[in-house]
Amino acid sequence: MAGTWWHSSAVTHVLMALFAMGSWISVNSLWVELPVIVKVLPEGWNLPAYLSVLIALGNLGPIAVTVTHHCAPGRLNERLVIHGIQALAVATSGALAVFWSHTASVGDRQHSLAFLLLSFLLALVCCTSNVTFLPFTYSYPPQYIRTFFIGQGLSALFPCVAALAQGIGKMECTESVNGTAGHAVYQPESFPAQSFFWFLCAMLCVSALAFLALVRRQEASSSWQPRDEPVAAVDEAEAGSAAASAGKGPGPGETGDGEETHPLHNGGPLVTDERPAMEEQLAAHTFWTPRNVYLLALLAVSNALTNGVLPSVQSYSCLPYGTMTFHLSVVLGNIANPLACFVAMFVLFRSSTCLGVMSLAGGVFAAYLMALAALSPCPPLLGHPAGVGLVVTSWIVFTGLFSYLKVAIGTLLHEAGHSALLWCGISIQAGSLVGALSMFPLVSVYHVFSSARECVDNCS
């Protein structure tokens with residue numbers, strides 16, 4: 001009986017979600033904790049731009065994995081790579097909890113070298129996870145990739161819950177004395193950043209244990225057989241699905257009831273370890289259709305905005321309205337991520353037109369947030385509740401729309417095969433890289449955006 005429940009699909013879904021949680025929880029935790037650490041670290045408001053570039057430099061990991069796949073197809077042991085980066089993440093997060101506030105002199109300025117170096121290592125882990133964790137899901141039926149993206153959403157939700165418990169954003173302004181300006185007095189948080197980073201370390205341990213359990217279940221099971229169906233292009237999969245919905249028969253991997261019935265790959269090496277190079281070349285030829293290229297481009301652009309461009313200026317778009325506005329935008333925006341992924345479990349748009357319209361709608365909110373950052377420290381509706389409501393709502397809708405878009409495209413690419421998921425991860429990382437590198441000189445070199453001083457009238 002115990003073996004039955006342990007190998008049930010419900011347990012697999014839970015383990016997959018917890019495993020995926022470890023993919024981006026490190027970077028998400030750094031963003032959520034920014035309102036606390038920007039008060040301590042010498043980079044101040046420029047810290048988001050530094051962080052975006054460090055995340056972009058983390059693409060060295062995906063580049064190494066991609067080159068290995070190209071030069072030695074089928075030779076990369078993805079399980080060992082995943083175990084390795086998970087161990088690095090646990091060790092780095094533990095070091096971050098101890099050394100995050102240490103600074104060192106570089107030239108005539110103080111810099112948080114320990115925090116920046118450890119953040120780079122965590123970014124390296126997160127970026128590499130997109131080209132290792134995602135291809136690993138190909139050994140499971142298609143519905144599990146949606147669970148995987150829900151798990152990635154949890155990587156944003158859990159740090160947000162911890163931030164709410166921490167009580168970030170409590171600030172009071174002292175009254176002016178003899179004509180001098182008042183200054184901000186921040187109320188202490190319920191627990192320090194050090195405890196928050198220890199929480200991050202614990203969550204990464206949970207993710208590593210979940211992956212270990214998935215591997216053990218695969219090795220122990222002999223009843224499930226490897227997937228052996230040929231790789232199909234997204235267009236073919238969608239055509240089969242459309243035919244099924246029109247009453248012409250089930251789509252690929254479905255029964256007449258519409259349920260996905262791909263056998264779970266358990267036991268033996270992963271699909272990537274045993275697929276011949278000739279089959280991978282055939283899959284590449286069938287994959288590069290105009291629709292799939294469009295999906296990858298859409299994915300790259302959306303991730304350039306969500307992982308590079310907008311995070312670099314989030315402080316400038318929110319902090320003029322107050323620290324609490326910044327806190328709410330970060331927390332509620334990240335909560336919108338798993339909620340959008342959960343909606344995709346039940347309602348999944350496959351139309352290229354629908355996905356394009358959704359990206360345009362998200363782009364409108366992105367443009368509004370960029371305009372607020374450009375107008376800092378005197379954005380529209382400053383001092384009015386409507387201004388706060390608009391900026392917080394914009395961050396929520398912007399994050400939710402592009403999170404849903406990522407799940408939808410990831411699901412379609414899963415149907416195109418293992419190599420498609422590899423290119424899915426590459427597109428995510430390439431977009432993030434371009435977005436971050438394009439914003440860093442504007443924010444930190446040319447200082448295009450202006451910060452607001454707290455507790456004073458910046459617009460008089």
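## Packing around helix H2

Start with Phe148: setting aside neighbours within four places in sequence, Phe148 is in contact with Met16, Phe19, Ala20, Phe133, Leu134 and Thr137. Phe148 sits in helix H9. With a relative accessibility of 1%, Phe148 counts as buried, because the cut-off for that is under 20%. There's a long-range pairing here too: Phe148 and Cys341 are 193 residues apart along the sequence, yet their C-alpha atoms are 9.3 Å apart in space.

Bear in mind that this is a predicted model. The chain has 460 residues, and 52% of them count as buried. Its secondary structure adds up to 19 helices and 4 strands. As for contacts between residues at least 6 apart in sequence, 84% of them join residues at least 24 apart.

Now to helix H2 and its partners. Here's the geometry, side by side.

| Helix pair | Angle | Axis distance |
|---|---|---|
| H2 (residues 9-32) and H9 (residues 143-166) | roughly 45° | within 6 Å |
| H2 and H10 (residues 193-220) | about 150° | 8 Å |
| H2 and H4 (residues 47-57) | about 170° | 11 Å |

Take H9 to begin with. The axes of H2 and H9 cross at roughly 45°, which makes H2 oblique to H9. The crossing of this pair is right-handed. Sorted by class, the contact of H2 with H9 has 16 nonpolar and 11 polar residues, with no charged ones.

H10 is next. H2 and H10 pack at about 150°, and since angles over 145 degrees count that way, the two are roughly antiparallel to each other. Their crossing is left-handed. The contact of H2 with H10 has 19 nonpolar, 5 polar and 1 charged residues.

Then there's H4. H2 and H4 pack at an angle of about 170°, so H2 is roughly antiparallel to H4. On the H2 side the contact uses Trp24, Val27, Leu30 and Trp31, while H4 brings Pro48, Leu51, Ser52 and Ile55. By class, that comes to 7 nonpolar residues, 1 polar and no charged ones.

H4 itself is mostly covered, with 9 of its 11 residues buried. The buried ones are Leu47, Pro48, Ala49, Leu51, Ser52, Val53, Leu54, Ile55 and Ala56. What covers them includes H2, along with helix H3 (34-37), helix H7 (113-130), helix H14 (290-312), helix H15 (314-318) and helix H19 (418-445).

What about the nonpolar core? The largest one holds 110 residues, and the members that touch the most others are Phe19, Ile37, Phe115, Phe197 and Leu310. H2 supplies the largest share of this core, at 13 residues. Phe19 has come up before, as one of the contacts of Phe148.

Phe197 is worth a look of its own. Leaving aside neighbours within four places in sequence, Phe197 is in contact with Leu30, Glu33, Ile37, Ser93, Leu96, Ala97, Trp100 and Phe115. Among them, Ile37 and Phe115 are also on the list of core members that touch the most others, and Leu30 is one of the H2 residues that meet H4.

Finally, there's a second, separate core of 5 residues, including Leu76, Val131, Leu422 and Ile426.

Note on methods
Residues are numbered from 1 along each chain as its sequence is written. This is a predicted model: local features need pLDDT of at least 70, side-chain atom pairs count only at pLDDT 80 or more; totals for chains, interfaces and linings use all residues. Side-chain values use heavy atoms; hydrogens and water are left out. Axes are lines fitted to C-alpha atoms, for helices over the stretch in contact, and angles run from 0 to 180 degrees between N-to-C directions. Angles under 35 degrees count as roughly parallel, over 145 as roughly antiparallel, 65 to 115 as roughly perpendicular and the rest as oblique. A crossing is left-handed if the near helix is turned anticlockwise from the far one by less than a right angle, and right-handed if clockwise. Ala, Val, Leu, Ile, Met, Phe, Trp, Tyr, Cys and Pro count as nonpolar, Asp, Glu, Lys and Arg as charged, and the others, Gly among them, as polar. A nonpolar core is a set of buried Ala, Val, Leu, Ile, Met, Phe, Trp, Tyr and Cys residues joined through side-chain atoms within 4.5 Å. Buried means under 20% relative accessible area, exposed over 50%, partly exposed in between (1.4 Å probe, protein chains only). Contact means heavy atoms within 4.5 Å.
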